[in-house]
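Colleague: I am new to this structure and would be grateful for a close look at a single part of it. Please choose that part and explain it step by step.

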Amino acid sequence: MKQVELDRLDQHILAILQQDGRISNQQLAEQIGLSPAACWRRVRSLEETGIITGYSAQLAPERIGQGLCVLVNLSLQRHTIDSTADIERQVSSYPEVLQCFAVTGNADFVLRVIVPDMASYDRFLNEKIFTLQGIAQVNSNFALREIKNTQTIPLGSAE
């Protein structure tokens with residue numbers, strides 16, 4: 001995918017929106033130093049080019065009964081396009097899996113899984129992960145506490 005060049009104003013818009021996605025266009029325009037119409041056009045362009053991919057609310061998992069975070073390393077028995085694609089498709093369908101990365105190193109995939117408790121994680125493993133075809137090994141790392149969790153992407157000189 002081709003990288004899009006961002007000028008100082010676009011970088012400033014993105015930095016503000018990453019901190020407060022609910023800011024009004026009027027407030028954003030004031031902070032950037034643009035008219036509301038010009039600001040809206042820039043935000044719209046950032047959305048249309050796929051730089052801004054969406055807006056969402058950030059939730060506190062423990063406050064809604066989803067307090068156990070597990071980083072799961074999956075290793076495959078064999079590496080074929082079909083088996084890998086099938087595992088990616090299956091894992092992507094599991095609501096407990098918040099993130100899935102294909103990685104290098106000791107594992108082939110790293111999953112970030114959120115569940116209510118250890119019994120729920122045991123069910124998740126037995127009913128979902130252990131039923132996947134082609135998995136050689138599963139290693140679980142339980143998060144003791146969260147040190148940093150951000151979706152904010154550094155933008156260089158804008159911040």
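Modeller: Two rings of Phe, Tyr or Trp (for Trp, its six-membered ring) are called a pair when their centres lie within 6.5 Å. The model discussed here is predicted. In this sense, ring pairs join Tyr94, Tyr121, Phe124 and Phe142 into a cluster. The structure holds three aromatic pairs. One of them is formed by Tyr94 and Phe124, with 6.0 Å from centre to centre and 85° between the planes. Because planes over 60 degrees apart count as edge-to-face, the pair of Tyr94 and Phe124 belongs to that class. It ties together distant parts of the chain, for 30 residues separate its two members. Tyr94 is found in the loop between helix H4 (81-92) and strand S2 (97-102), while Phe124 belongs to helix H5 (residues 118-127). Both rings belong to buried residues, a term that requires a relative accessible area under 20%. Tyr94 meets this limit because its relative accessibility is 7%, and Phe124 meets it because its value is 3%.

The loop that holds Tyr94 leads to S2, and with S2 we reach the sheet, the part I propose to examine. Four strands make up this open sheet, in the order S2-S3-S1-S4, and their pairing is antiparallel. S2 and strand S4 (135-142) each have a single partner strand, so they stand at the edges and one side of each has no neighbour in the sheet. On average, and with direction ignored, neighbouring strands are turned by 20° against each other.

Let us follow the strands in sheet order. S2 and strand S3 (residues 109-115) run antiparallel and are joined by five bridges. Within this pairing, Phe101 has Val110 of S3 opposite it. Helix H4 packs on the sheet and touches strand S1 (68-76) as well as S2, S3 and S4. The direction of H4 makes about 20° with that of S3. S2 and S3 also form a hairpin, in which six residues lie between the two strands. In its turn, Gly105 has a positive phi of about 110°.

The next neighbour is S1. Seven bridges link S1 with S3, and the two strands run antiparallel; here Cys69 has Ile114 of S3 as its bridge partner. S1 and S4 are likewise antiparallel and joined by seven bridges, with Leu71 opposite Asn141 of S4. S1 is largely enclosed by the rest of the structure, because seven of its nine residues are buried.

A single residue shows how these elements come together. Leu111 lies in S3. It counts as buried because its relative accessible area is 0%. With neighbours within four places in sequence left aside, Leu111 is in contact with Val70, Leu71, Val72, Leu74, Val91, Val97, Gln99, Cys100 and Ile129. Ser92, for its part, is 19 residues from Leu111 in sequence, and their C-alpha atoms are 9.9 Å apart in space.

One further packing may be set beside the sheet. Helix H1 (residues 8-19) and helix H3 (residues 36-48) pack at about 80°, with their axes 11 Å apart. They are therefore roughly perpendicular to each other. Leu9, Asp10, Ile13, Leu14 and Leu17 of H1 meet Arg42, Val43 and Leu46 of H3 in this contact. By class, the contact has six nonpolar and two charged residues, and no polar ones.

Notes. Residues are numbered from 1 along each chain as its sequence is written. This is a predicted model: local features need pLDDT of at least 70, side-chain atom pairs count only at pLDDT 80 or more; totals for chains, interfaces and linings use all residues. Side-chain values use heavy atoms; hydrogens and water are left out. Rings of Phe, Tyr and Trp (its six-membered ring) pair if their centres lie within 6.5 Å; planes under 30 degrees apart count as stacked, over 60 as edge-to-face and the rest as tilted. Buried means under 20% relative accessible area, exposed over 50%, partly exposed in between (1.4 Å probe, protein chains only). Axes are lines fitted to C-alpha atoms, for helices over the stretch in contact, and angles run from 0 to 180 degrees between N-to-C directions. Angles under 35 degrees count as roughly parallel, over 145 as roughly antiparallel, 65 to 115 as roughly perpendicular and the rest as oblique. Contact means heavy atoms within 4.5 Å. Ala, Val, Leu, Ile, Met, Phe, Trp, Tyr, Cys and Pro count as nonpolar, Asp, Glu, Lys and Arg as charged, and the others, Gly among them, as polar. Two strands pair if DSSP finds at least two bridges between them.
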